[in-house]
Amino acid sequence: MGAAFCCLTYNFSHKEEVKTAFDFDVQRSLTQSGSEYSGEIGMLQKISAWKDLRLATQEEAEKFIENNHEKWDGAMAVSFHIPNKYKSKEDAKAQKLYLAYQNLVREINKRFLERKSLFIGCKHCKSRISMKFVSSTTCPLCSGSFLSDTDKKRIEKAEAKYRIANDAAKVASKSEDIGWAVGGWASS
Ligand SMILES: [Zn+2]
């Protein structure tokens, strides 16, 4: 008489749902493979140990059960993290929009600083300033912006898009998905 390692995984976080699904799978196994030394999941009968370890991967949870379950015991359930695909998608989107925003600011600043005229008039303090004293897009005298309303709006819009995506990514990172591996050594 030996033992065969059996394990099922459920991508539900709630124990009740996992228990219901496992009981169903046990019944199906008993019906299909019988109740004696089948080496199948039916031999484990029910979940007798819950270990909410939240291991990094499904494989680690299965390995843990394989190494810690004793033959003749009921099944062992070990939780693991389900990779949050939604989160990484949102992260990537926020990052892309952040880079777009940064590039737009760089491009507008570069275009402004490379202008050919020797002087610039500030529409805020009405000064006429030599470009020699201008090293940014703000007036050195009054700190008002030299940028056109169109450019300012483009930057604001790009920044707002990034902020919205960033907030969505933050919300996504809070959702924690766990699943359960359930199994053990079934007598065979
Ligand atoms: Zn000014």
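This is a short tour of a predicted model, stop by stop.

**Stop 1: the two domains**

Start with the whole chain. Colour residues 3–84 and 176–187 as domain 1, and residues 85–174 as domain 2. Domain 1 is made of two segments of the chain. How far apart are the C-alpha centres of domain 1 and domain 2? They lie 54 Å apart.

**Stop 2: the sheet**

Show strands next. Look for an open sheet of four strands, with mixed pairing. Read across it in the order E1-E6-E3-E2. Which are the edge strands? They are E1, at 3–10, and E2. Each of these pairs on one side only. From one strand to the next, the twist averages 20°.

**Stop 3: E2 beside E3**

Select residues 47–55 for E2 and residues 75–81 for E3. The two strands run parallel, and five bridges join them. Pick out lysine 51: its bridge partner in E3 is valine 78. Now select leucine 55. Its bridge partner in E3 is phenylalanine 80.

Trace the chain from E2 to E3. The path goes through helix H2, residues 58–68. This β-α-β crossover is right-handed.

**Stop 4: helices on the sheet**

Keep H2 selected. H2 lies across E1, E2, E3 and E6. Compare directions: H2 runs at about 155° to E3.

Add helix H1, residues 15–33, and strand E6, 178–187. H1 packs on the sheet, where it touches E1, E2, E3 and E6. The direction of H1 makes about 135° with that of E1.

**Stop 5: the nonpolar core**

How many residues are in the largest nonpolar core? It has 21. Select the ones with the most contacts inside it: Leu44, Ala75, Ala77, Val78, Ala181 and Val182. Five elements to highlight here are E1, H1, H2, E3 and E6, which each give two or more residues to this core. A broader pattern is worth recalling: in soluble globular proteins, nonpolar side chains tend to be buried together.

Zoom in on alanine 77. Leaving aside residues up to four places away in sequence, alanine 77 touches Val18, Ile47, Ala49, Trp50, Lys51, Trp180 and Val182. Lysine 51 has turned up before, as the bridge partner of valine 78.

**Stop 6: two loop residues with positive phi**

Go to glutamine 45, in the loop between H1 and E2. Its phi is near 65°, a positive value in a residue other than glycine. Glutamine 45 counts as partly exposed because it has 17 C-beta neighbours inside 10 Å.

Move on to tryptophan 72. Where does tryptophan 72 lie? It sits in the loop between H2 and E3. Its phi is near 85°, again positive in a residue other than glycine. Is tryptophan 72 buried or exposed? It has 12 other C-beta atoms within 10 Å, so it is exposed; the cut-off for exposed is 12 or fewer.

**Stop 7: alanine 172**

Finish in helix H4, residues 149–174, and select alanine 172. Then select lysine 85. Along the sequence, alanine 172 and lysine 85 are 87 residues apart. In space, they are 9.5 Å apart, C-alpha to C-alpha.

Which residues does alanine 172 touch, not counting residues up to four places away in sequence? They are Asn84, Tyr86, Lys87 and Glu90. Domain 1 has a segment at 3–84, and domain 2 covers 85–174. Alanine 172 is partly exposed because 18 other C-beta atoms lie within 10 Å.

Conventions. Residues are numbered from 1 along each chain as its sequence is written. This is a predicted model: local features need pLDDT of at least 70, side-chain atom pairs count only at pLDDT 80 or more; totals for chains, interfaces and linings use all residues. Two strands pair if DSSP finds at least two bridges between them. A crossover is right-handed if, with the strands pointing away from the viewer, the path from the first strand over the helix to the second runs clockwise. Axes are lines fitted to C-alpha atoms, for helices over the stretch in contact, and angles run from 0 to 180 degrees between N-to-C directions. Two residues are in contact if their C-beta atoms, placed from the backbone, lie within 7 Å. A nonpolar core is a set of buried Ala, Val, Leu, Ile, Met, Phe, Trp, Tyr and Cys residues joined through C-beta atoms within 7 Å. A residue is buried if 20 or more other C-beta atoms lie within 10 Å of its own, exposed if 12 or fewer, and partly exposed in between; C-beta atoms are placed from the backbone. Domain bounds come from an automatic or database domain assignment.
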